Amino acid sequence: MKYRLIALTLFLIFSQLAISQTLVKGNVRNTDNDPLVGVNVVFPGTSIGIATDANGAFETYAPEGQDSVYFIYLGYNTLQLPLSSDRMVVTMEVLSTMLEAIQVSGFAGAVGQARRRAESIQQTPESVTTFTTEHIEATRISNFQNFAYQVPNVSYATSQNIGVNFINIRGIGQIRNGDSPVAFLVDGVTIPDPNLVNQELFDLAMIEVVKGPQGTLYGKNAIGGAVNILSLAPTNNFKNKIKLGIGNGGYLGAQAMSSGPVIKDKIYYRLSGSYKTMDGLIENTFLDRTVDYYDDLSLRGQLKFDFSTRLGLTVAGQYSKTEGGATYSGHSGTGMALDPNDFNYVIDANVYGESTLENTFVSARLEYDLGPMKFQSITSYNLADRFHFGDLDFLPLDILRQDQASNSKSFNQEFRLGSHNGHKKIEWDLGVQYQQSERLLLTNAYADIGYFFMPPMPLDTLVLTNFVEPKPISDFTNTYKTFAGFGFATWHATSKLDISAGIRIDNDNIKQDNRNEGFTAEKTNTELQPKISVGYDLSSDMLLYANYGRGYRSGGYNAEVTSLFDAEYAGETSNNFELGLKTSTKNKLFIFNVAAFYINFKDQQQFAVALGLNGLKLGNYNFPESKIYGFEAETQIRTSRFLDILAGFGLNKSEIVDGGYAGTTDRTIYDGNNAPYVPQTTANIALKSNFPISEKIQFLGYLNFNVKGKIYWYEDNVDVSNSYSLLDMRIGVSILDKYEIFLWGANLADTKYYLEYGSGESTGSAAGDTVWPGQPRTIGVEVGVRF
């Protein structure tokens with residue numbers, strides 16, 4: 001009773017404070033009714049202000065005595081409007097000098113939400129890359145892989161089947177069947193299943209990549225960073241869009257979107273969908289058919305309720321079903337050995353591999369303005385079913401087959417309290433989180449045991465086998481329960497100096513029900529993740545910053561002890577240090593950002609395939625210590641009104657300091673070697689153009705050349721893939737800002753490269769060394785209409 005009375009009293013106090021202040025809230029758009037991102041919303045006679053977010057929205061409190069507000073945006077007429085207690089809808093017009101082609105406008109202020117509030121990335125003391133709606137569409141970003149090419153020291157690869165992802169960010173990677181090194185959020189809601197990271201992306205307002213440990217604000221397993229995806233929000237006016245595409249390899253694609261009010265100014269909806277299908281381009285010579293087929297249907301819906309200017313609710317749901325090729329590993333056609341830089345491979349397995357991933361995701365985000373602070377409740381539930389079957393020997397002989405179910409379900413609840421953007425000396429966020437996740441891994445192998453007789457006597461019958469007895473290779477469910485509390489604050493110490501500090505504490509309970517081996521195991525781990533950063537404005541256009549942060553990613557259990565790994569593997573921790581500089585010219589025609597980093601990495605997780613007591617086993621182990629260091633640089637140059645140059649470069653050195661012991665294997669012999677699966681360098685340079693052909697027709701073009709450096713595939717550093725480069729483009733025209741037609745291409749030079757390499761000695765493959773080939777050249781045409 002006492003606590004209820006205290007809570008009620010605090011609620012009444014905050015409500016009274018809210019009533020006594022003027023809440024300024026609304027959206028800023030251009031004359032085409034598109035959101036303007038990064039508009040400065042400033043109060044007269046003060047330096048107090050905020051920036052509009054990726055949907056053009058803003059929200060703050062006016063200082064006492066203010067009765068008007070400025071809206072300032074590069075290349076647009078400045079507006080001064082009276083304050084309103086209602087939601088403001090602001091329309092800005094382009095400067096007449098811009099319309100007359102007299103003046104070259106610089107890059108509009110890029111705005112991100114790296115610290116869970118809208119702010120200029122040039123003033124954010126973090127390494128941040130942000131892509132707006134315009135850039136996402138111009139570069140044809142449709143999944144994680146597309147935008148990873150454009151971010152230094154970030155890489156993405158896939159292998160084996162749909163949902164097997166390998167993300168690497170600053171040398172911190174993702175192991176097979178393991179957690180992602182980044183927190184992945186859609187509209188502020190965590191997507192806990194690593195299988196879903198490469199989902200189809202469409203109808204977006206922003207993609208943001210934040211490097212360095214981000215657990216303080218983004219939650220569980222954000223040891224390497226965070227990827228923040230923001231959908232375009234439901235609108236108060238009706239908008240519709242349809243896009244159709246066709247390409248080689250039997251590619252067909254379609255997207256549709258509809259948005260508008262259900263009840264004007266109160267309830268809004270947004271529905272969008274994407275469908276893609278492709279026969280494939282990679283041939284299985286034995287089956288005489290393509291194996292990299294793909295079929296995806298994704299549907300998304302949002303319903304937004306504005307009960308008042310202070311209370312809002314957004315309910316969202318997403319359903320996707322993806323089918324695609326699986327287990328089409330290539331191998332040498334002349335023996336057991338295949339060099340990682342030899343592209344004379346064959347795919348000739350006799351079993352046609354197939355995989356499916358079906359996902360349902362729902363969420364609800366409640367926001368209530370308490371005056372001096374804002375309350376948020378974020379609730380989500382996710383259900384994913386993943387399955388694949390296919391060849392296991394990768395040969396034209398029917399010796400071995402495999403299948404695997406990797407299903408998950410998770411629930412997440414988060415409560416947050418935070419200050420408003422704008423004029424506070426201290427901005428802060430506090431919160432608590434609970435997450436429960438269950439993950440099934442059921443792996444089967446089937447063999448024609450006659451092939452193992454001496455001499456071989458095929459029986460033309462495959463039976464379930466663990467190579468010793470008829471049971472699965474693995475059959476277990478891991479359950480993760482996490483309770484966490486966190487806080488983060490930024491102190492604007494002077495007009496030039498900001499100091500930020502935060503901490504998160506995770507309490508992980510991990511339980512395994514191992515049906516295959518007939519046991520259960522359970523452990524609990526508690527980790528503190530502090531973070532501190534300092535940012536100093538050397539000038540109005542130059543920010544110097546330094547960061548320290550501790551990262552954490554949970555561990556787990558293996559099926560059993562083998563020669564390569566133990567019964568369990570430890571959680572990872574990292575101590576991260578970063579020094580960076582962000583600068584631009586006064587007119588914003590040139591932007592240059594650079595950052596250097598050093599990471600002391602404890603218990604880095606690795607994946608292995610081994611023979612256990614009852615046959616083939618999959619498991620993880622740890623390097624007790626490794627270190628990672630490097631730097632990255634990004635630049636944007638506006639050479640004229642019609643041409644931008646965008647470029648980035650990343651250098652990454654990941655070294656094993658202590659390889660340690662696991663199972664009966666001594667890995668200290670690898671001390672000083674490069675850690676596996678880490679691209680040593682990444683780079684890209686792009687040309688982006690936009691100019692009028694006539695009064696009604698606009699040309700838009702994008703050409704991107706990207707490079708991925710050499711990769712060491714194993715800790716012995718024997719197998720190494722050399723660097724490779726890819727060339728992508730998208731060119732076309734927009735007519736009356738309503739119709740569009742574009743020609744696009746990916747890997748235009750048809751470069752041969754591998755996304756994964758498996759040494760036969762390490763994997764025990766009957767085919768010897770195996771490879772997973774990258775996507776060949778794809779080209780196509782797409783048309784669209786807005787109405």
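User: Where is D342 found, and is it buried or partly exposed?

Analyst: Keep in mind that this is a predicted model. D342 is in the loop that links β25 (330–332) to β26 (345–346). Its relative accessibility is 26%, and buried would need under 20% while exposed would need over 50%. That value falls in between, so D342 counts as partly exposed.

User: How many Å separate the C-alpha atoms of D342 and Y754?

Analyst: Along the chain, D342 and Y754 are 412 residues apart. In space, the separation of their C-alpha atoms is 9.8 Å.

User: Which loop holds D750, and what is its phi near?

Analyst: D750 sits in the loop between β50 (739–746) and β51 (754–758). With a relative accessible area of 24%, D750 is partly exposed. Most residues other than glycine have a negative phi. D750 goes the other way, with a positive phi near 55°.

User: N221 has a positive phi too, right where in the chain, and is it buried or exposed?

Analyst: N221 is in the loop between α5 (215–218) and β17. Its phi is near 65°, a positive value in a residue other than glycine. The relative accessible area of N221 is 7%, and the cut-off for burial is under 20%, so N221 is buried.

User: Which residues does S554 contact, once its neighbours within four places in sequence are left aside?

Analyst: S554 belongs to the loop between β36 (542–553) and β37 (556–557). It has a relative accessible area of 3%, so it counts as buried. Leaving those sequence neighbours aside, S554 is in contact with D179, K220, N221, Y480, D508, I510, G571 and Q605.

User: What is the C-alpha to C-alpha distance between K241 and F787?

Analyst: K241 lies in strand β18 (residues 239–247), and at 13% relative accessibility it is buried. Not counting residues up to four places away in sequence, K241 touches E137, Q255, A256, M257, E740, V785, R786 and F787. Although K241 and F787 are 546 residues apart in sequence, their C-alpha to C-alpha distance is 6.2 Å.

User: How many residues of strand β16 are buried, and which strands does β16 pair with?

Analyst: Strand β16 (residues 204–211) is mostly covered, with eight of its eight residues buried. Five bridges join β16 to β10 (residues 128–132), running antiparallel, and T132 stands opposite M206 there. Seven antiparallel bridges link β16 with β17 (residues 225–231), where V210 stands opposite A226. So the count is eight buried residues, and the partners are β10 and β17.

User: In the open sheet of three strands, which are the edge strands?

Analyst: The order in this open sheet is β11-β12-β13, with antiparallel pairing. β11 and β12 (residues 165–169) share five bridges, and A157 has F166 as its bridge partner in β12. An edge strand here pairs on one side only, and that fits β11 (154–158) and β13 (172–173).

User: Which residues touch the most other members of the largest nonpolar core?

Analyst: This core has 29 residues. Elements that give two or more residues to it include β11, β12, β16 and β17. Take I229: setting aside neighbours within four places in sequence, its contacts include F184, L201, M206 and I207. The residues that touch the most other members are F144, F147, F184, I207, V227 and I229.

User: Which residues are among those in the other core?

Analyst: This other core lies apart from the largest one and has 17 residues. Among them are V41, Y73, L83 and V90.

User: How many cavities of 30 Å³ or more are there, and which residues lie nearest the centre of the second largest?

Analyst: The structure holds nine cavities of 30 Å³ or more. The second largest holds about 450 Å³ of space. Elements supplying at least two residues each to its lining include β31 (426–447) and β33 (474–492). Of its 34 lining residues, those nearest the centre are R176, N177, G178, L441 and N478.

User: What classes of residue line the second largest cavity?

Analyst: The lining mixes nonpolar, polar and charged residues. By class, the numbers are 12 nonpolar, 16 polar and six charged.

Key. Residues numbered from 1 in each chain as written. Predicted model: local features only at pLDDT ≥ 70, side-chain atom pairs only at ≥ 80, totals over all residues. Heavy atoms only, no water. Pairing = 2+ DSSP bridges. Helix = DSSP H or I, 4+ residues; strand = E, 2+ residues; numbered from the N terminus. Buried < 20%, exposed > 50% of the residue type's maximum accessible area, 1.4 Å probe, protein only. 1 Å grid on protein atoms, 1.4 Å probe; cavity = no way out; pocket = protein on both sides within 12 Å on 5 of 7 lines; lining within 4 Å. Points joined across faces, edges and corners; volume = space filled by probe spheres on them. Nonpolar A, V, L, I, M, F, W, Y, C, P; charged D, E, K, R; others polar. Contact = heavy atoms within 4.5 Å. Core = buried A, V, L, I, M, F, W, Y, C linked by side-chain atoms within 4.5 Å.
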